[in-house]
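User: Please take a close look at one part of this model, the sheet with the helix that packs on it, and describe how that part is put together and how it relates to the ligand site.

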Amino acid sequence: MSIPADTVVSQLQWRYAVKKFDSTKKIDAPTWQALEQALILSPSSYGLQPWRFLVVTAADVKSQMPALSWNQTQPQDCSHMVVFTARENLDAAYLDNYIAYTESSRGLAPGTLAGFRKMLASSVESMHSHFDWNCRQVYIALGQLMAAAAMVGVDSCPMEGISAEGYDKLLGLSGSGYRTVVGCALGYRDPSDAYASAKKVRFATEMVLQRV
Ligand SMILES: Cc1cc2nc3c(=O)[nH]c(=O)nc-3n(C[C@H](O)[C@H](O)[C@H](O)COP(=O)(O)O)c2cc1C
């Protein structure tokens, strides 16, 4: 079953970066489960999934976030605040684990993917920064989450206006091998949020899209 094309467009028109969430409204469990799967199912280059997603619903943690987010209130008022973190590196142990996990997931004998492992290692070695590359993967998950949220009528706000270091500290990430990259607040818009009715500003199709 697929979503009608015009529904996809109307839901993407409906979504906007929410400035004020209704703090009384929470995302119900089945809807949240679907959004979690949107995160887990995100594609990544080579399938390496160099991320961890922290889902923050604890009020005492969320209440500390505006001070670490240029006083933006979305992390506190939203239902679920997702903090996207990226791995600092792609070391041999990570690659080994990924290969072993893939082999066992697909019922392959250990060592079957040795050639792929070798190719991965050489590709990873040529990267100028593992962390930068991993951040790029994280943004794919961010986009997928926001699009999925729009499809199920959940509001969101992507948030780079946060102190990554401050979030790392708050969430105890030091020494974990992962660092905060970006956040996404999810929940339901407050009726007082004037941005909901602001005209969407997007370049005309012909300005950004070329048909070849
Ligand atoms: C990576 C990223 C980071 C953003 N950070 C913030 C933010 O910290 N606070 C905020 O209110 N909006 C933030 N935005 C929202 C953008 O300003 C918004 O998406 C853009 O102006 C287009 O408007 P629309 O999403 O409402 O259509 C961010 C958007 C992206 C993609």
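Analyst: What follows goes from the whole chain to the strands, then to the helix, the core and the ligand shell.

The model is predicted. The chain holds nine helices and four strands, and from the N terminus its elements run α-α-β-α-α-β-α-α-α-β-α-β-α. Its C-alpha trace spans about 55 × 45 × 35 Å along the principal axes. Of the 212 residues, 25% count as buried. Among contacts with a separation of 6 or more, 80% are between residues 24 or more positions apart.

The strands can be taken by their pairings. Strand E1 (residues 51–56) pairs with strand E2 (residues 80–87) in the antiparallel sense, over six bridges. In this pairing Trp 51 stands opposite Ala 86 of E2. E2 also pairs with strand E4 (residues 178–187), again in the antiparallel sense, over eight bridges. Here Val 82 is opposite Cys 184 of E4, and Val 83 has Gly 183 of E4 as its bridge partner. E4 in turn pairs with strand E3 (residues 155–159) over five antiparallel bridges, with Ser 156 opposite Leu 186. Following these pairings from strand to strand, E1 is joined to E2, E2 to E4, and E4 to E3.

Burial is marked in two of these strands. Eight of the eight residues of E2 are buried, so this strand is largely enclosed by the rest of the structure. E4 is mostly covered, with nine of its ten residues buried.

Just before E1 in the chain is the loop between H2 and E1, where Gln 49 is found. Its phi is near 50°, a positive value in a residue other than glycine. Gln 49 has 17 C-beta neighbours inside 10 Å and therefore counts as partly exposed, the buried class beginning at 20.

The helix that packs on the strands is H7 (residues 130–151). At 1.5 Å a residue its 22 residues should span 32 Å, and the C-alpha atoms at its ends are 32 Å apart, so the two values agree. The buried residues of H7 are Asn 134, Gln 137, Val 138, Ala 141, Leu 142, Leu 145, Met 146 and Ala 149. An α-helix has 3.6 residues a turn, so residues three or four places apart point the same way. The buried residues of H7 pack against helix H2 (29–40) and against E1, E2, E3 and E4. After H7 comes Gly 153, with a positive phi near 75°.

Val 138 gives a closer view of this packing. Leaving aside residues up to four places away in sequence, Val 138 touches Trp 51, Phe 84, Ala 86, Val 181 and Val 182. Trp 51 and Ala 86, both in that list, are also the residues that stand opposite each other where E1 and E2 pair.

The largest nonpolar core has 31 residues, and those with the most contacts inside it are Phe 84, Val 138, Leu 142, Leu 145, Cys 184, Ala 185 and Leu 186. E1, E2, H7, E3 and E4 each supply at least two residues of this core. Several of the names recur from above: Val 138, Leu 142 and Leu 145 are among the buried residues of H7, Cys 184 is opposite Val 82, and Leu 186 is opposite Ser 156.

The ligand site brings in the strands again. The residues around the ligand are Tyr 16, Ala 17, Lys 19, Gln 72, Cys 157, Pro 158, Met 159, Glu 160, Gly 161, Val 182 and Lys 200. By class, this shell has six nonpolar, two polar and three charged residues. E3 gives the most to it, with three residues. Val 182 belongs to the shell and is also one of the residues that Val 138 touches, which ties the ligand site to the packing of H7.

Gln 72, another shell residue, comes from a loop, the one between helix H3 (59–62) and helix H4 (74–77). Gln 72 and Met 159 are 87 residues apart in sequence, but their C-alpha atoms are 9.3 Å apart in space. Beyond residues up to four places away in sequence, Gln 72 touches Pro 66, Met 159 and Gly 161. Gln 72 has 19 other C-beta atoms within 10 Å and is therefore partly exposed. The loop between H3 and H4 also holds Trp 70, which has a positive phi of about 55° although it is not a glycine. Trp 70 is exposed, with 10 other C-beta atoms within 10 Å.

Technical notes. Residues are numbered from 1 along each chain as its sequence is written. This is a predicted model: local features need pLDDT of at least 70, side-chain atom pairs count only at pLDDT 80 or more; totals for chains, interfaces and linings use all residues. A residue is near a molecule or strand if its C-beta atom, placed from the backbone, lies within 6 Å of it. Ala, Val, Leu, Ile, Met, Phe, Trp, Tyr, Cys and Pro count as nonpolar, Asp, Glu, Lys and Arg as charged, and the others, Gly among them, as polar. A residue is buried if 20 or more other C-beta atoms lie within 10 Å of its own, exposed if 12 or fewer, and partly exposed in between; C-beta atoms are placed from the backbone. Two strands pair if DSSP finds at least two bridges between them. The expected span of a helix is 1.5 Å times one less than its number of residues. Two residues are in contact if their C-beta atoms, placed from the backbone, lie within 7 Å. A nonpolar core is a set of buried Ala, Val, Leu, Ile, Met, Phe, Trp, Tyr and Cys residues joined through C-beta atoms within 7 Å.
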